[in-house]
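Here is a walk through this protein, one piece at a time. Keep the viewer open and turn the model as you read.

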Amino acid sequence: MHKELVSIPNLPENKELMLKNINWVADQYDQLDFKTSLLETSTLPILLAEKVYNEDYSTVLFYFHIDGQPVDPESWDQNDPFKPVLKEKAPNGDWQNLDWKKLEGEINDEWRIFARAAADDKAPIIMFLSALKTLKAANDKPNFNIKVIFDPQEEYGSDALLSSLEKYKQRYASDYFIVMDGPAHDSNKPTLTFGCRGITTCSITTFGSRLPQHSGHFGNYVPNPVFSLAKLLSGMKDENGRVLIKDYYQGIEIDSETSKILKSVPSDSVVFNNKLGIYTSEKVGRNYQESLQYPSLNVRQIGTSWKGEKLKTVIPEYATAHIDVRLVQETDGKAQLQKIKQHIEQEGYYVIDRDPTDEERRTYPKIAKFEASSNVINAFRTDADSDFGKKIRSQLSENFDEDPVVVRIMGGTVPIVPLIDKLDVPTIIVPMVNLDNNQHSPNENIRIGNIRQGIKTCLSILNTEL
């Protein structure tokens, strides 16, 4: 099944092929006696599959996305990124092609299938389908009713799904929500993620003279806005990376139980830092997992007026820092942006949301343009010790004879948080693919062992009594 589905290109720009993907999945669920519907949206349709096993059961909504990232075929180690290739790693570290007939014999868990969307997110789609088919073959059934959403544009902002939230909120209604996406812990142990950080953005611009000036004629006379911007930014964090903006971490507490969960995630900081190529980490948290429990303040790009290939001896007329802020459940995106703006004002700047007028240039010694994004995706987090969390964790522990890795909140942001907010039900992310799957990059792959384990994980979840 996996090879067949991955062989269908899934770039949303090609509506015909996207519908082919959607119809392929719909056909599989039709064979499982699910009710399938194509819900019209502002762009591509949403596939919704539903099955009521018992009117008295709770309902769990599952989420997958069916689209993939763009490809640059020349960067791949195969002729066509949408033609899956089975490979094994040779002693010298190179990946060598295998005949697909190898899968008819003894299978090595370390073999991998290379293709776009092989891992993200078609592998989880196949894992869940395989688990459902296994139950049906055994004349068994899940312990809850099921709804499944297939998002056709997750990699491009989930415009289709987000445009449908109000119109189809009753169709999406459920008691619990499980998101089947993302990589498992690098140990490849069963992993449960109970939240993700949100995101918002802003930019800060400082100003020099009205136009760029010759650095020979005006060096030491015309102020360079890069230095004022650098000083402003450096005052926002201490030498350990902690944000100094007033109340930036307000409301966040790491109690003993939370600390226990964070420390339970297997990690070796020395190995981790060596892999990242850093001498030491910032000290916002006492470890990597703890650092994710706080909102971040990241300068993602700095620019001035000159953007040509060759350097020019000029004093730029402005300097801009583009900033992203990762949010946690205790922080609201709009409030965090307001705190940043107030900090700039407290540093003596006249803060505006446009370029300054000539009159303002003559009046104020320090001017900053602050542009706050109206797009805010706040974080979500489900208590790992909630009834839902405990039952899923317990079932995985029983089936795998070891506790799953519990991630309280992951650092990234999923675009479907508005759906999570709309549902307002306990939500868990279940990542099942290998961490080194090269998602979004050339040579994306899925480890065979992760497919095997993912099916077992899905069966464990389907057998959970909710």
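Two strands count as paired here if DSSP finds at least two bridges between them. That's the idea to hold on to for a pair such as Y350 and I367, where I367 in β17 is the bridge partner of Y350. One caution before going further: what you're looking at is a predicted model.

Let's stay with that pair of strands. β16 and β17 are joined by three bridges and run in the parallel sense. They belong to an open sheet of five strands, ordered β13-β15-β11-β17-β16, and its pairing is mixed. Who sits at the edges? The edge strands are β13 (298-304) and β16 (350-352); each has a single partner strand, so one side of each is left without a neighbour in the sheet. From one strand to its neighbour in this sheet, the average turn is 25 degrees, ignoring direction.

For the antiparallel flavour in this sheet, look at β11 and strand β17 (residues 367-372), which are held together by five bridges. You can pick out individual partners if you like: T205 faces K369 in β17, and C202 has A372 of β17 as its bridge partner. As a reminder of the chemistry, strands of a sheet pair through backbone hydrogen bonds, either parallel or antiparallel.

Now bring in the helices that pack on this sheet. Helix α7 (residues 225-234) touches β11, β13 and β15 (318-327), and its direction makes about 25 degrees with that of β15. Helix α11 (residues 333-346) also packs on the sheet, with contacts to β11, β15, β16 and β17; its direction is about 20 degrees from that of β11.

Next, move over to another sheet. This open one has four strands in the order β5-β4-β6-β21, and the pairing is antiparallel. Its edges are β5 (95-98) and β21 (445-447), each with a single partner strand, so one side of each goes without a neighbour in the sheet. Adjacent strands here are turned against each other by 35 degrees on average, again with direction ignored. Inside the sheet, strand β4 (residues 85-89) and strand β6 (residues 112-114) run antiparallel and share three bridges. If you want a spot to zoom in on, find L86, which stands opposite I113 in β6.

Which helix lies across this sheet? That's α15, which crosses β4, β6 and β21 and runs at about 65 degrees to β21. Keep α15 on screen, since it comes up again in the next stop.

That stop is the empty space inside the protein. Searching the whole structure turns up one cavity of 30 Å³ or more, and the space in the largest cavity is about 40 Å³. Its lining consists of A184, K189, P190, T191, P431, M432, Q453, G454 and T457. Helix α15 (residues 448-462) gives the largest share of that lining, with three residues. Sorted by class, the lining comes out as four nonpolar, four polar and one charged.

For something simpler, try the hairpin that joins β1 to β2 through six residues. Strand β1 (residues 35-39) and strand β2 (residues 46-51) pair antiparallel over five bridges. Within that pairing, K35 has E50 in β2 as its bridge partner.

How many salt bridges does the structure hold? The count is 18. One of them brings the side chains of D358 and R210 together, at 3.2 Å from N to O. This pair ties together distant parts of the chain, 148 residues apart: D358 is in helix α12 (residues 358-363), while R210 is in the loop between β11 (198-207) and β12 (213-214).

Finish with a couple of backbone details that are easy to scroll past. The peptide bond from D120 to D121 is cis, with omega near 15 degrees, and D121 sits in the loop between β6 and α3 (122-137). On the other side of α3, in the loop that runs between that helix and β7 (145-151), you'll find N139. Its phi is near 55 degrees, which is a positive value in a residue other than glycine.

Definitions and conventions:
Residues are numbered from 1 along each chain as its sequence is written. This is a predicted model: local features need pLDDT of at least 70, side-chain atom pairs count only at pLDDT 80 or more; totals for chains, interfaces and linings use all residues. Side-chain values use heavy atoms; hydrogens and water are left out. On a 1 Å grid over the protein atoms alone, a cavity is a set of points where a 1.4 Å probe fits but cannot get out, and a pocket is an open set with protein on both sides within 12 Å along at least five of seven lines; lining residues have an atom within 4 Å of a point. Grid points are joined across faces, edges and corners, and a volume is the space filled by probe spheres set on the points. Helices (H or I, at least four residues) and strands (E, at least two) are DSSP runs, numbered from the N terminus. Ala, Val, Leu, Ile, Met, Phe, Trp, Tyr, Cys and Pro count as nonpolar, Asp, Glu, Lys and Arg as charged, and the others, Gly among them, as polar. Axes are lines fitted to C-alpha atoms, for helices over the stretch in contact, and angles run from 0 to 180 degrees between N-to-C directions. Contact means heavy atoms within 4.5 Å. A salt bridge is a side-chain nitrogen of Lys or Arg within 4 Å of a carboxyl oxygen of Asp or Glu.
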